[in-house]
Amino acid sequence: MSNTVHFQARGRTVVGCTLLVIALGASVTACTGGDDDPLSAAPYDAAGQISFNGPTEAGKKADPDKPLEVVAEGADGRITDVTAMDATGRHVAGELSADGARWHSTSPLAAGARYTVRVSTEDGDGAPGRKVLTFETGRPSTKKTLDVSFGPEAGAYGVGQPVTAELSQPVRDSAQRAIVERALKVDSTPAVEGAWHWVDDKKLHYRPKEYWPAHATVQVRSTLDGIKIGDRMWGGTAKPLTITTDDHVVAVTDAAAHTLTLYRDGEEVRQMPVTAGKPGFETRNGVKVVLAKEPFVRMRSSTVGIAEGSSESYDLPVYFATRVTWSGEYVHAAPWSVGSQGAANVSHGCVGMSTADAEWFFDAVQEGDLVEVVNSGGEMMEPFGNGFGDWNLDWTKWRTGSALTSGTPNGQGTAEQARLRPQSV
């Protein structure tokens with residue numbers, strides 16, 4: 001974009017009558033004749049009034065690293081408006097100086113794109129001018145590509161399922177994060193308020209202010225392809241994602257009452273006696289999201305740091321295991337503790353129930369459904385790093401992790417590491 005191109009003015013076309021409609025309780029029409037009224041003039045070709053720093057030669061392409069600039073030429077004319085848009089409908093933001101002498105772009109151009117720039121001008125007499133410019137951008141010779149992978153896989157989920165975005169390159173700068181986040185689009189039907197949260201430099205989670213509506217459709221896509229993000233970093237491809245939600249299902253475990261109650265669309269469906277984590281191995285409080293359903297799991301204490309042969313060691317076959325943390329917290333069948341279920345907490349952190357109840361629960365829930373634990377002596381569920389604890393952040397706190405709503409301060413939005421603690425039978 002180093003060449004400055006000047007365009008020669010052409011003649012103006014003047015129409016003899018302008019119809020003015022003024023809504024002041026009644027419609028008034030006025031007709032004026034002659035060339036003395038600037039409002040009576042059809043827009044003339046304003047090429048002679050402006051210069052543009054883009055290429056016009058056939059086959060030559062603009063450098064997308066450089067901003068666009070349109071400058072008013074001469075002392076008696078000014079720019080009144082500029083719009084720039086690529087062939088896919090993406091607009092380029094820009095700033096027009098107060099005196100109308102200069103407009104420049106303030107958002108990045110896409111590489112390998114075709115742009116149309118529409119410039120409106122006004123001469124010293126107030127007559128309007130127009131000029132439409134077109135150009136194409138090339139691709140930088142050396143660059144890093146930022147690709148995006150959305151999750152979860154396409155399908156049906158519970159109303160607590162967050163949307164995830166995994167980046168192929170780390171993004172640390174707040175301005176670059178804003179470019180990325182602005183291009184990650186999430187649309188739901190019915191529509192709800194939501195926001196992205198930067199978990200770390202390469203991962204974002206998106207959730208609504210409240211849970212997703214039941215039976216909603218959520219569509220996720222990226223418009224980053226070809227967009228400059230930073231020095232030698234450009235947006236790459238992303239496969240769009242569509243997920244749907246089913247009924248609003250939440251299972252509440254009251255560790256003090258030793259019960260698990262499942263609610264579907266606000267109605268209590270079933271209450272079951274359970275046992276939760278005993279002292280020293282308390283079940284985490286807070287909201288968790290079902291991560292997976294595993295018909296059979298071999299649970300060994302050595303995998304969570306309990307030495308074999310110690311008084312707390314175990315090695316057991318477990319059936320109908322519904323996983324809620326990556327560190328090993330489940331809702332599962334525990335036939336060995338039926339005598340304590342409904343009366344005492346004797347597990348190593350999981351929620352145990354009879355085989356019949358566990359099978360019913362296993363069939364009643366799916367990934368994305370909500371499991372909440374209350375009245376336990378355990379710590380709160382981590383927001384990130386050990387499953388989906390996203391709902392344990394209130395909306396104000398959640399929005400602090402967005403580069404668009406309030407920025408991402410240093411140290412904010414960093415993924416917490418999953419704690420290694422006994423979470424099994």
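**Exercise 1: Helix 1 and its cover**

Work out which residues of helix 1 are buried and what covers them in this predicted model.

*Solution.* Start with the cover: the buried residues of helix 1 have over them, among other things, strand 12 (144-151), strand 14 (163-167) and strand 15 (184-189). Strand 16 (194-200), strand 18 (217-222) and strand 19 (228-230) belong to that cover too. Next, go along the helix, residues 174-183: the buried ones are Arg-177, Ala-178, Ile-179, Val-180, Glu-181 and Ala-183. Finally, check the N-terminal end, where Asp-173 acts as a cap. One of its side-chain oxygens sits 3.0 Å from the backbone nitrogen of Ala-175.

**Exercise 2: A buried arginine with a partner**

Find the salt-bridge partner of Arg-177, and say which parts of the chain the pair ties together.

*Solution.* Look for the acid: the side chain of Asp-201 meets that of Arg-177 at 2.6 Å, N to O. Now place both residues. Asp-201 is in the loop between strand 16 and strand 17 (203-208), while Arg-177 is in helix 1, so the bridge ties together parts 24 residues apart in sequence. For burial, the cut-off is under 20% relative accessible area. Arg-177 comes in at 6%, so it is buried; Asp-201, at 25%, counts as partly exposed.

**Exercise 3: Two more bridges**

The structure has 15 salt bridges. Take Glu-136 with Lys-61 and Glu-329 with Arg-284, and decide for each residue whether it is buried or partly exposed.

*Solution.* Begin with Glu-136 and Lys-61, whose closest N and O atoms are 4.0 Å apart. Glu-136 sits in strand 11 (residues 128-136) and Lys-61 in the loop between strand 5 (50-52) and strand 6 (69-72), so this pair ties together parts 75 residues apart in sequence. Glu-136 has a relative accessible area of 31%, so call it partly exposed. Lys-61 gets the label partly exposed as well, with 48%.

Then turn to Glu-329 and Arg-284, which meet at 3.2 Å, N to O. This pair links distant parts of the chain, 45 residues apart: Glu-329 is in the loop between strand 27 and strand 28 (330-333), and Arg-284 in the loop between strand 24 (267-273) and strand 25 (286-289). Glu-329 is buried at 2%, and Arg-284 is buried at 0%. To finish, widen the view: Arg-284 and Glu-329 join Lys-288 and Glu-382 in a network of salt bridges.

**Exercise 4: Sorting ring pairs**

There are eight aromatic pairs. Classify Tyr-206 with Trp-212 and Phe-296 with Tyr-319 as stacked or tilted.

*Solution.* Planes under 30 degrees apart count as stacked. For Tyr-206 and Trp-212, the ring centres are 6.2 Å apart and the planes make 20°, so the answer is stacked. Both rings belong to buried residues: Tyr-206 at 9% and Trp-212 at 3%.

For Phe-296 and Tyr-319, the centres are 5.2 Å apart with planes at 50°, so that pair is tilted. It links strand 26 (residues 292-300), home of Phe-296, with strand 27 (residues 315-323), home of Tyr-319; the two residues are 23 apart. Phe-296 is partly exposed at 44%, and so is Tyr-319 at 45%.

**Exercise 5: Charges over rings**

Which rings have Arg-207 and Lys-293 over their faces?

*Solution.* Arg-207 lies over Trp-398, 4.9 Å from the ring centre. Lys-293 lies over Phe-362, also at 4.9 Å from the ring centre.

Notes
Residues are numbered from 1 along each chain as its sequence is written. This is a predicted model: local features need pLDDT of at least 70, side-chain atom pairs count only at pLDDT 80 or more; totals for chains, interfaces and linings use all residues. Side-chain values use heavy atoms; hydrogens and water are left out. Rings of Phe, Tyr and Trp (its six-membered ring) pair if their centres lie within 6.5 Å; planes under 30 degrees apart count as stacked, over 60 as edge-to-face and the rest as tilted. Buried means under 20% relative accessible area, exposed over 50%, partly exposed in between (1.4 Å probe, protein chains only). Helices (H or I, at least four residues) and strands (E, at least two) are DSSP runs, numbered from the N terminus. A charge sits over a ring if NZ of Lys or CZ of Arg is within 6 Å of the ring centre and within 35 degrees of the ring normal. Contact means heavy atoms within 4.5 Å. A polar contact is a pair of N or O atoms within 3.5 Å; within protein, one must be able to donate a hydrogen and the other to accept it, and residues adjacent in sequence count only if both atoms are side-chain atoms.
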